[in-house]
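Trainee: Could we go through this one together, step by step? I'd like to practise reading a model out loud.

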Amino acid sequence: MSAGGLRRLYGPEADADPMKLYETLRAEHGALAPVLLPGDLPAWLVLGHRENLEVARTPSLFSRDSRHWHDMQQGKVPPEHPMAPLTMWQPLCVFADGQEHERLRRAVTESLSRFEARGIRRYVTRFAQQLIDEFASTGRADLVEQFADQLPMRVITQLFGMPEGYGPHLVDAAKDMIRGTETAAASNDYITETLERLVQRKRLSPGHDVASKLLEHPAGLTDDEVREHLRVLLVSANEPTVNLIANTLRLVLTDQRFRATLTGGHMTLPDALEQVLWDEPPMTTNIGRWATGDAELAGKTIRAGDMLVLGLAAGNTDPEIRPDTSAPMHGNRSHLAFSGGPHECPGQDLGRAIVDTGIDALLTLLPDLQLAVGEDELRWDTALMSRRLVALPVTFTPRRPDSSRRTGSHPLPSAELPPMQPPQHEPVPAGAVPASAQGRTPWWSSLKQKLQGRR
């Protein structure tokens, strides 16, 4: 706890066991708790299921526009602040409300909806089989690094109309950026440059892909808007889907009753996913909402400009709607894993298709998967908005790869898209700045300068 008595949503207590922290806060404060975010910025954590939906569904009172935030207005969140990448306003649907939000979001959702589930599942099956073939002959694998980390991005890049070989490179860049390393800015620059050239190419030669559909949409998005919404989709769709794959596989490997119910046909894989979305949502919190005026919530007074954090995982265990968390929730989609209201995750059906098709392919090809370590040896990385399984080592009977599914090296067409400069993941000495990042300013600082120049 801080000197002021408020609990932090970051640091040792939160990292050790975020769910325990949420229950402590619920016991102390009820459905709405005052907390501190990185830099000890004050905020409200919404813990109740009903209260989460009330905030998510009332943008007139609780806006996604961070320019309402009094700490932002008072200069307490400079570009170098750890909260800046998550909260600095940008001309994107995720920071808009009302008609502008409807214009931008409609372009995103309608562009995604142009792709049939059957076609997406074919992509997923092909890439899942290719990934499995890469380790099938060894009898051992880490299903986080070698499967969950790789599959969503490979599918997403195909839907975007990128060359197949870009998937693995963008996985590295996206992971590096989310981790907030010293090369995160360089990794984001790579993603942005890749998407910018993709948009330029699709403007000249459109195809049946998300980038082209966004460019063609009647909403009339500019090239910059298309690029930035592709970046948001790419990064935001990847991490939650990776986590959902890993969390579901962990449950299959560690809970024999769950696995028996699944393999015995008493529960379908889509039903199993809903259970995981209740118990271990891929994103634990959602940042953020900002009060447009004074308001009452859960018996407490919210002041204009206050920040609210949606407690997705906490809301899923609210005793008001789920008094017995051991009771099965198969097929029940009233969880908060994808938030709610007008900003509910637009890519949730895509994520579900990737997860259940990918896991089905894995369990079909490797039916005797077994956890290679004790369950108590599994470790998680906890961040402000997610809890990520570090590794999931397994063993299985080795099998011969199918040579017909090999993809080759997939050389990158440098004439069309930028060459890859792999992010540096080696430990960086204190005070040192990698050569790839020297002279760079954070991407959000550059964007802020551009936006200020337009005013």
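Trainee: Gladly starting with strand 3, how many of its six residues are buried?

Mentor: Keep in mind that this is a predicted model. Strand 3 covers residues 41–46 and is mostly covered. The number of buried residues in strand 3 is five.

Trainee: Which residue of strand 3 is the bridge partner of leucine 36?

Mentor: Start from strand 2, residues 32–37, which pairs with strand 3 in the antiparallel sense over six bridges. These two strands form a hairpin with three residues between them. Across that pairing, the partner of leucine 36 is proline 42.

Trainee: And is the pairing of strand 3 and strand 9 parallel or antiparallel?

Mentor: Strand 9 spans residues 307–310 and shares three bridges with strand 3. In one of the pairings, tryptophan 44 has leucine 308 in strand 9 as its bridge partner. The sense of strand 3 with strand 9 is parallel.

Trainee: Back to the loop between strand 2 and strand 3: is aspartate 40, which lies there, buried, partly exposed or exposed?

Mentor: The turn has glycine 39 with a positive phi of about 80°. Aspartate 40 also has a positive phi, about 55°, although it is not a glycine. Buried would need under 20% relative accessible area and exposed over 50%. Aspartate 40 has 30%, so it counts as partly exposed.

Trainee: Serine 339 has a positive phi as well; is serine 339 buried or exposed?

Mentor: Its phi is near 65°, and serine 339 is found in the loop between helix 16 and helix 17. The relative accessibility of serine 339 is 11%, so it counts as buried.

Trainee: How far apart in sequence are the parts tied together by the pair of tryptophan 69 and tryptophan 290?

Mentor: The structure holds two aromatic pairs. One of them joins tryptophan 69 and tryptophan 290, tilted, at 6.0 Å centre to centre with 40° between the planes. Tryptophan 69 lies in the loop between strand 4 and helix 4 and tryptophan 290 in strand 6, so the pair ties together parts whose separation in sequence is 221 residues.

Trainee: Strand 6 also holds glycine 288; is the peptide bond from isoleucine 287 to glycine 288 cis or trans?

Mentor: Look at omega for that bond, which is near -10°. The peptide bond from isoleucine 287 to glycine 288 is therefore described, with cis at an omega near 0° being the usual reading, as cis.Trainee: Thanks, that was a helpful walk-through!

Terms used. Residues are numbered from 1 along each chain as its sequence is written. This is a predicted model: local features need pLDDT of at least 70, side-chain atom pairs count only at pLDDT 80 or more; totals for chains, interfaces and linings use all residues. Side-chain values use heavy atoms; hydrogens and water are left out. Buried means under 20% relative accessible area, exposed over 50%, partly exposed in between (1.4 Å probe, protein chains only). Helices (H or I, at least four residues) and strands (E, at least two) are DSSP runs, numbered from the N terminus. Two strands pair if DSSP finds at least two bridges between them. Rings of Phe, Tyr and Trp (its six-membered ring) pair if their centres lie within 6.5 Å; planes under 30 degrees apart count as stacked, over 60 as edge-to-face and the rest as tilted.
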